[in-house]
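Visitor: I'd like to learn how to read pockets in a protein. Can you walk me through it?

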Amino acid sequence: MFLVGLTGGIASGKSTVSSQLKELGCPVIDADVAARKVVEPQSPAYRLIVQHFGQEILLDNGEIDRQNLGQIIFSSPKKRRLLNSITHPEIHKEMFKQILLYFIKGYGYVVLDVPLLFETRRLTRFLTHTVVVYCDPATQLSRLTQRDGLSQEEAEQRIGAQMPLKEKRRLASHVIENSGSHEDTHRQVLRLHTKLEDFMEFLVVRAVAVAAVAGLSSLFLYTVRLLVS
């Protein structure tokens, strides 16, 4: 099995690409879904977050108000680092549990959908391929203000809290350009899917070849020993 990291920036279209990969049959583990799970009420991460950020970040039902907490951390790098130090280890544990399940089921690869893949770098050493979903800055800003109803200043603040997309683009092994049409993005996703499937087949063939060579080597050594003796 090999692992593929999928990332992007806020409002760059990463979720769209992730959904298209799922539709093509790719197993995808979403870090945002894992993040919601690990902060469920009374979980270890939940208790630490409430301890550090206070009861005011809770909804009436006791769950964490993600929008309220988001406003706090996007305006304070120190508090953002604190929250990440609490949640990221728990998120990674949850994701590795899911990776193990896919491995047991016999999947050849798994896509890890991680917004802060290059910011934290904790997962990159385990990845064979990295994919960034890119769009130009103007498109990103426009999408974010329209999607979340933010002012331009608020949107710029949230974008500025992440690593610039152009830097992520430089670090990735594959780039999905998502500034254009939905159809153009889908064509690129299809090409990516083909590359991943081809690479999986290559690994299978290589594994069989290595096993065959190892078997022949053992047979050769055994034959030599018989002749010598």
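Guide: Sure! Keep in mind that this is a predicted model. A pocket is an open set of grid points with protein on both sides within 12 Å along at least five of seven lines, and its lining residues have an atom within 4 Å of a point.

Visitor: How does anyone find empty space like that?

Guide: Rolling a probe the size of a water molecule over the atoms shows where empty space is left. Here, the largest pocket comes to about 1,600 Å³.

Visitor: Which residues lie nearest the centre of the largest pocket?

Guide: Look for Asp32, Arg66, Ile73, Phe74 and Gln162, which are among the 48 residues lining it. Several helices give two or more residues to that lining, including H1 (14-23), H2 (31-38) and H4 (66-74). H5 supplies the largest share, nine residues.

Visitor: Which domains does the lining of the largest pocket draw on?

Guide: At least three residues come from each of domain 1 (1-27 + 121-198) and domain 2 (31-106). Sorted by class, the lining has 19 nonpolar, 17 polar and 12 charged residues.

Visitor: And what lines the second largest pocket?

Guide: That pocket holds about 180 Å³ of space. Among its lining residues are Gly9, Tyr134, Pro137, Glu156 and Lys166. Helices H7, H8 and H9 (165-171) each give two or more residues to this lining, and the largest share, three residues, is from H7.

Visitor: How many residues of each class are in that second lining?

Guide: Seven are nonpolar, three polar and two charged. Try finding Gln162 on the structure: this residue lines the second largest pocket and also lies among those nearest the centre of the largest one.

Note on methods
Residues are numbered from 1 along each chain as its sequence is written. This is a predicted model: local features need pLDDT of at least 70, side-chain atom pairs count only at pLDDT 80 or more; totals for chains, interfaces and linings use all residues. Side-chain values use heavy atoms; hydrogens and water are left out. On a 1 Å grid over the protein atoms alone, a cavity is a set of points where a 1.4 Å probe fits but cannot get out, and a pocket is an open set with protein on both sides within 12 Å along at least five of seven lines; lining residues have an atom within 4 Å of a point. Grid points are joined across faces, edges and corners, and a volume is the space filled by probe spheres set on the points. Helices (H or I, at least four residues) and strands (E, at least two) are DSSP runs, numbered from the N terminus. Ala, Val, Leu, Ile, Met, Phe, Trp, Tyr, Cys and Pro count as nonpolar, Asp, Glu, Lys and Arg as charged, and the others, Gly among them, as polar. Domain bounds come from an automatic or database domain assignment.
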